[in-house]
Amino acid sequence: MRILALAGLLASIAAPLSAQAFDPEARLKELGITLPTPDKPVANYVKAVRTGNLVFLAGHGPCGDFNRPDIQGRVPSQKSIEEGYEIAKLTAICLLASLKSEIGDLKKVKRVVKVLGMVLSDQGFDRQPAVINGASDLFVKVFGDRGKHARSAVGMYALPFNITTEIEMIVEVE
């Protein structure tokens, strides 16, 4: 009986401590990442739509001017897989900025549910997952197990403004 009472006490203490430990914005600071102000949409759409406890984020590229050569070009002829990985990471940062703008606090994230990563690819290139890992790895670093998600990574003949990556995601929130 005493063991059960002690186990219950420990569980009641551990639950609030684990909730306190989940701080994605502190984790971003530890990683040296500052979220930018989200860009305005480039056409007739919105960056995020919340319905119930799901947030659907539109396709994003890296924040800022899309006409920058550092975020444009096909993989692997114009950008290496490693460069594509870094561009996917920049795209993920922009997604997080839009998500925070929509929900106010990243602590409200219960789970990153789905990611669709698109890579501007040369014909015959088939390593899109290695590029989109730049985003997936960041989501796991920021959200821990809550950042693990279902994913598709596909090659595209064209992306807007010739950007190397475009990523959409669905997030479950409180």
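This is a short tour of the predicted model in your viewer, one selection at a time.

**The whole chain**

Start with the full chain in cartoon view. You will find four helices and five strands, and from the N terminus the elements run α-α-β-β-α-β-α-β-β. Of the 174 residues, 39% are buried. Among contacts between residues at least 6 apart in sequence, 82% join residues at least 24 apart.

**Colour by confidence**

Now colour by pLDDT. The chain average is 92, and 89% of the residues score at least 70. Select residues 12-19 next: here pLDDT stays under 50, and the model has zero contacts for this stretch beyond four places in sequence. Where pLDDT is low, the predicted coordinates should not be read in detail.

**The sheet**

Show just the strands. In what order do the five strands lie in the sheet? They form an open sheet in the order 1-2-5-3-4, with mixed pairing. Strand 1 (48-51) and strand 4 (150-156) are the edge strands, each pairing on one side only. On average, neighbouring strands of this sheet are turned by 15° against each other, direction ignored.

Zoom in on strand 1 and strand 2 (residues 54-60), which pair in the antiparallel sense over four bridges. Pick Val49 and look across to strand 2, where its bridge partner is Phe56.

Then move to strand 3 and strand 4, which run parallel and are joined by seven bridges. Select Val115 here, and you will see Arg151 of strand 4 standing opposite.

**Helix 3**

Bring the helices back and select residues 81-103. Does the length of helix 3 come out long, short or as expected? At 1.5 Å a residue, its 23 residues should span 33 Å, and the end C-alpha atoms are 32 Å apart, so the two agree. Just after helix 3, click on Gly104, which takes a positive phi of about 90°.

Keep helix 3 selected and add the sheet. Helix 3 packs on the sheet, touching strand 1, strand 2, strand 3 (109-120) and strand 5 (165-173). The direction of helix 3 makes about 40° with that of strand 5.

**Helix 4 and its crossover**

For the last stop, select residues 128-143. This is helix 4, which lies across strand 3, strand 4 and strand 5 and runs at about 145° to strand 4. Finally, show strand 3, helix 4 and strand 4 together and trace the path through them: they make a right-handed β-α-β unit.

Key. Residues are numbered from 1 along each chain as its sequence is written. This is a predicted model: local features need pLDDT of at least 70, side-chain atom pairs count only at pLDDT 80 or more; totals for chains, interfaces and linings use all residues. Side-chain values use heavy atoms; hydrogens and water are left out. Helices (H or I, at least four residues) and strands (E, at least two) are DSSP runs, numbered from the N terminus. The expected span of a helix is 1.5 Å times one less than its number of residues. Two strands pair if DSSP finds at least two bridges between them. Axes are lines fitted to C-alpha atoms, for helices over the stretch in contact, and angles run from 0 to 180 degrees between N-to-C directions. Contact means heavy atoms within 4.5 Å. pLDDT is the predictor's confidence in each residue, from 0 to 100. A crossover is right-handed if, with the strands pointing away from the viewer, the path from the first strand over the helix to the second runs clockwise. Buried means under 20% relative accessible area, exposed over 50%, partly exposed in between (1.4 Å probe, protein chains only).
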